[in-house]
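Please look through the sequence and the structure shown here before reading on. The report below describes the chain in plain terms for a reader who has not seen it before.

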Amino acid sequence: MTGNASPGIWQRFCRLLKPDWMFGFILLVGLSLLAVSIFDPNEVRQANVTPAVKIIGASLLVLLISYIATYAAALDRRKLEDYFFQMMANGAIVAIITAIFANMVWLVFEKQLGTMSADNLVAILISSWGLGYFFYRMRGLNA
């Protein structure tokens with residue numbers, strides 16, 4: 001069957017979200033988390049579990065969340081317009097690269113800046129994803 005079919009419910013829902021608004025919100029949340037986490041007096045907390053339990057728990061959590069994220073990305077890829085999906089994916093690549101290098105720089109200056117908390121890193125990741133999305137939104141994917 002060929003022809004123009006009407007958009008499905010998932011496409012209609014995603015169009016209502018308007019990625020610009022969503023990534024603008026993500027950017028503001030990320031910057032807010034970064035500001036709040038920098039002033040957190042309890043940056044480093046001791047664990048109440050053994051290192052083995054922590055490693056196993058973290059590994060299982062990463063596997064589960066990665067599987068869910070992969071499934072969700074497949075839904076997005078099938079149902080969203082390719083342009084918006086590419087902007088989100090490219091913004092995520094910017095976020096990952098930014099988070100890695102920000103962490104590296106922070107480690108170099110750890111004596112001056114103190115220990116980077118997970119909240120700091122998540123805030124940097126979220127903020128840079130929002131910024132990456134808007135950089136691609138403004139300049140285009142092929143510029």
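What follows is a description of a predicted model, from the whole chain down to single residues.

## Overall make-up

The protein chain holds six helices and zero strands. Read from the N terminus, its elements run α-α-α-α-α-α. Of the 143 residues in the protein chain, 22% are buried. The area that the protein chain exposes is about 10,600 Å², and carbon and sulfur atoms supply 71% of that area.

Sequence distance can also be set against contact. If only contacts between residues at least 6 apart in sequence are counted, 79% of them join residues at least 24 apart.

## The nonpolar core

Which residues form the largest nonpolar core? The core has six residues: Phe 23, Ile 26, Met 87, Met 88, Tyr 133 and Tyr 136. Three elements give two or more residues to this core, namely α2 (19–38), α4 (82–108) and α6 (118–139).

## Helix α4

Helix α4 has 27 residues, which should span 39 Å at 1.5 Å a residue; the C-alpha atoms at its ends are 39 Å apart, so the two values agree. The buried residues in α4 are Phe 85, Met 87, Met 88, Asn 90, Gly 91, Ala 95, Ala 99 and Trp 106. Met 87 and Met 88 also belong to the largest nonpolar core.

Phe 85 can be placed relative to a residue in another helix. Ala 73 lies in helix α3 (residues 51–79) and is partly exposed, with a relative accessible area of 23%. Ala 73 and Phe 85 are twelve residues apart along the chain, and 8.9 Å separates their C-alpha atoms.

## Helix α6 and its ends

Helix α6 is made of 22 residues. From its first C-alpha to its last it reaches 31 Å, close to the 32 Å expected at 1.5 Å a residue. Buried in α6 are Asn 120, Ala 123, Ile 124, Ser 127, Ser 128, Gly 130, Gly 132, Tyr 133 and Tyr 136. An α-helix has 3.6 residues a turn, so residues three or four places apart point the same way.

Before α6, the loop between α5 (110–113) and α6 contains Ser 117. Ser 117 has a relative accessible area of 9%, so Ser 117 counts as buried. Its side chain makes a polar contact with the side chain of Asn 120, at 3.0 Å. Asn 120 is itself one of the buried residues of α6. At the other end, just after α6, Gly 140 takes a positive phi of about 90°.

## Ser 127 and its contacts

Ser 127 is in helix α6. Is Ser 127 buried or exposed? Its relative accessible area is 5%, and the cut-off for a buried residue is under 20%, so Ser 127 is buried. Apart from neighbours within four places in sequence, Ser 127 is in contact with Leu 27, Gly 30 and Leu 31.

## Asp 20, Tyr 133 and Phe 134

Asp 20 is in helix α2. With a relative accessible area of 28%, Asp 20 is partly exposed. Which residues is Asp 20 in contact with, leaving aside its neighbours within four places in sequence? They are Tyr 133, Phe 134 and Arg 137. Asp 20 and Arg 137 are 117 residues apart in sequence, while their C-alpha atoms are 8.4 Å apart in space.

Two of these contact partners, Tyr 133 and Phe 134, have rings that form a pair. The count of aromatic pairs comes to one. The ring centres of Tyr 133 and Phe 134 are 5.2 Å apart and the planes stand at 80°, so the pair is edge-to-face. Tyr 133 is buried, with a relative accessible area of 0%, whereas Phe 134 is partly exposed, with a relative accessible area of 21%. Tyr 133 is also among the residues of the largest nonpolar core.

Note on methods. Residues are numbered from 1 along each chain as its sequence is written. This is a predicted model: local features need pLDDT of at least 70, side-chain atom pairs count only at pLDDT 80 or more; totals for chains, interfaces and linings use all residues. Side-chain values use heavy atoms; hydrogens and water are left out. A nonpolar core is a set of buried Ala, Val, Leu, Ile, Met, Phe, Trp, Tyr and Cys residues joined through side-chain atoms within 4.5 Å. Buried means under 20% relative accessible area, exposed over 50%, partly exposed in between (1.4 Å probe, protein chains only). Helices (H or I, at least four residues) and strands (E, at least two) are DSSP runs, numbered from the N terminus. Contact means heavy atoms within 4.5 Å. A polar contact is a pair of N or O atoms within 3.5 Å; within protein, one must be able to donate a hydrogen and the other to accept it, and residues adjacent in sequence count only if both atoms are side-chain atoms. The expected span of a helix is 1.5 Å times one less than its number of residues. Accessible areas come from the Shrake-Rupley method with a 1.4 Å probe; for residues, only the protein chains shown count as cover. Rings of Phe, Tyr and Trp (its six-membered ring) pair if their centres lie within 6.5 Å; planes under 30 degrees apart count as stacked, over 60 as edge-to-face and the rest as tilted.
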